[in-house]
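Okay, thanks for making time this morning. Have the sequence and the fold up in front of you, and I'll walk through a few spots.

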Amino acid sequence: MGIDPKLLEDYLKTIYALEEQGERPTTSRLAELMGVSPASVTDVMKRMAQEEYVDYVRYQGVTLTPAGRQRALRVVRRHRLWELFLAEVLGFSWDQVHEIADQLEHIESPLLEERLDAFLGHPKVDPHGHPIPDASGRIEPIEAIALADLPPSGEARIVGVSDTHPEFLRYLSRIGLKPGVRVGVLERFHFDGSVQIRVGKEERLLSPYAAQNILVVPLQ
């Protein structure tokens, strides 16, 4: 019996996201992210391995095969295009688009995808600053660093975030930190990793977590 296409795509996208972040997709980590038991993940991984979407080694986790990666990138492309459409055209805030795009990403219509991409002007990034794969699955990496790695007195432009949890995005919106905003580092406190920054004429103290999950491009 084949895997339900929606479930398959959800797993492929989750595995891809972990690999993209440099984290090995283990059974326990996938179970945590998918909200299921490790035994359920193991069963699905075995079936995905049979269909050659992943290489699965017990107790060592999984990796995407070329076929699995290609299908994952198609899902990621649709997801990020829909996020941008929801934000730019329908006016959803960046903390609202992810959950809705999770539903829309499973509409597998090449023509719809092509027209959505053209309507948006063939965008390179989604509302969170994540690169959008092109129609062939190619993806252009974004040259960005974590705000936490910006040296004192350095200035940068925010281009995205690593964490798209709605609560985190709402927090950033409240303090005026979104893609396109220019920030300057005033001081880094080594005892706990927090960072004092300047945003316009105001100063903000960021926690180590926030500073690590805000992506910036340094300004010369």
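Let's start with tyrosine 209, which comes out at 46% relative accessibility and so counts as partly exposed. Keep in mind that this is a predicted model. Which ring does tyrosine 209 pair with? Its partner is phenylalanine 168, and the two are edge-to-face, with 5.7 Å centre to centre and 80 degrees between the planes. Phenylalanine 168 has a relative accessibility of 8%, so that one counts as buried. As for where they sit, phenylalanine 168 is in helix H7, residues 166-174, and tyrosine 209 is in helix H8, residues 208-213, so the pair ties together parts 41 residues apart in sequence.

How many aromatic pairs turn up in the whole structure? The search finds five. There's also an aromatic cluster, made by Trp82, Phe85 and Phe119.

Trp82 leads me to leucine 104, over in helix H5. If you leave out neighbours within four places in sequence, leucine 104 is in contact with Trp82 and Leu86. Histidine 79 is 25 residues away from leucine 104 along the chain, and their C-alpha atoms are separated by 7.1 Å.

Now, go to the N-terminal end of things and look at helix H1, residues 5-20. A quick sanity check on its length: with 16 residues at 1.5 Å a residue, H1 should span 22 Å, and its end C-alpha atoms are 22 Å apart, so that agrees.

Which residues of H1 are buried? The list runs Leu8, Glu9, Asp10, Tyr11, Leu12, Lys13, Thr14, Ile15, Tyr16 and Leu18. Yes, you heard Glu9, Asp10 and Lys13 in there. The cover over those buried residues includes H2, H3, strand E1 at 54-57, strand E2 at 61-64, helix H4 at 66-88 and helix H5 at 97-104.

Let me take H3 from that list. H1 packs against helix H3, residues 38-50, at an angle of about 95 degrees, and the axes are 12 Å apart. That angle makes H1 roughly perpendicular to H3. On the H1 side the contact is made by Leu7, Leu8, Tyr11, Leu12 and Ile15, and on the H3 side by Val41, Val44, Met45 and Met48. What's the chemistry of that contact? Nine nonpolar residues, no polar and no charged. For the spacing you see along a helix face, remember that an α-helix has 3.6 residues a turn, so residues three or four places apart point the same way.

H3 has another partner, helix H2, residues 27-34. Here the axes come within 8 Å and cross at roughly 110 degrees. That again puts H2 roughly perpendicular to H3. Thr27, Leu30 and Ala31 of H2 meet Pro38, Val41, Thr42 and Met45 of H3. This contact divides into five nonpolar residues, two polar and no charged. And if Val41 and Met45 sound familiar, they're also in the H1 contact.

Last stop: proline 133. Buried or exposed? Its relative accessibility is 0%, so proline 133 counts as buried, and yet its place is in a loop, the one between helix H6 at 110-119 and strand E3 at 145-146. What does proline 133 touch? Not counting residues up to four places away in sequence, the answer is Leu73, Val76, Arg77, Arg138 and Ile139. Isoleucine 197, on the other hand, is 64 residues along the chain from proline 133, and there the C-alpha atoms are separated by 32 Å.

Note on methods
Residues are numbered from 1 along each chain as its sequence is written. This is a predicted model: local features need pLDDT of at least 70, side-chain atom pairs count only at pLDDT 80 or more; totals for chains, interfaces and linings use all residues. Side-chain values use heavy atoms; hydrogens and water are left out. Axes are lines fitted to C-alpha atoms, for helices over the stretch in contact, and angles run from 0 to 180 degrees between N-to-C directions. Helices (H or I, at least four residues) and strands (E, at least two) are DSSP runs, numbered from the N terminus. Angles under 35 degrees count as roughly parallel, over 145 as roughly antiparallel, 65 to 115 as roughly perpendicular and the rest as oblique. Contact means heavy atoms within 4.5 Å. Ala, Val, Leu, Ile, Met, Phe, Trp, Tyr, Cys and Pro count as nonpolar, Asp, Glu, Lys and Arg as charged, and the others, Gly among them, as polar. Rings of Phe, Tyr and Trp (its six-membered ring) pair if their centres lie within 6.5 Å; planes under 30 degrees apart count as stacked, over 60 as edge-to-face and the rest as tilted. Buried means under 20% relative accessible area, exposed over 50%, partly exposed in between (1.4 Å probe, protein chains only). The expected span of a helix is 1.5 Å times one less than its number of residues.
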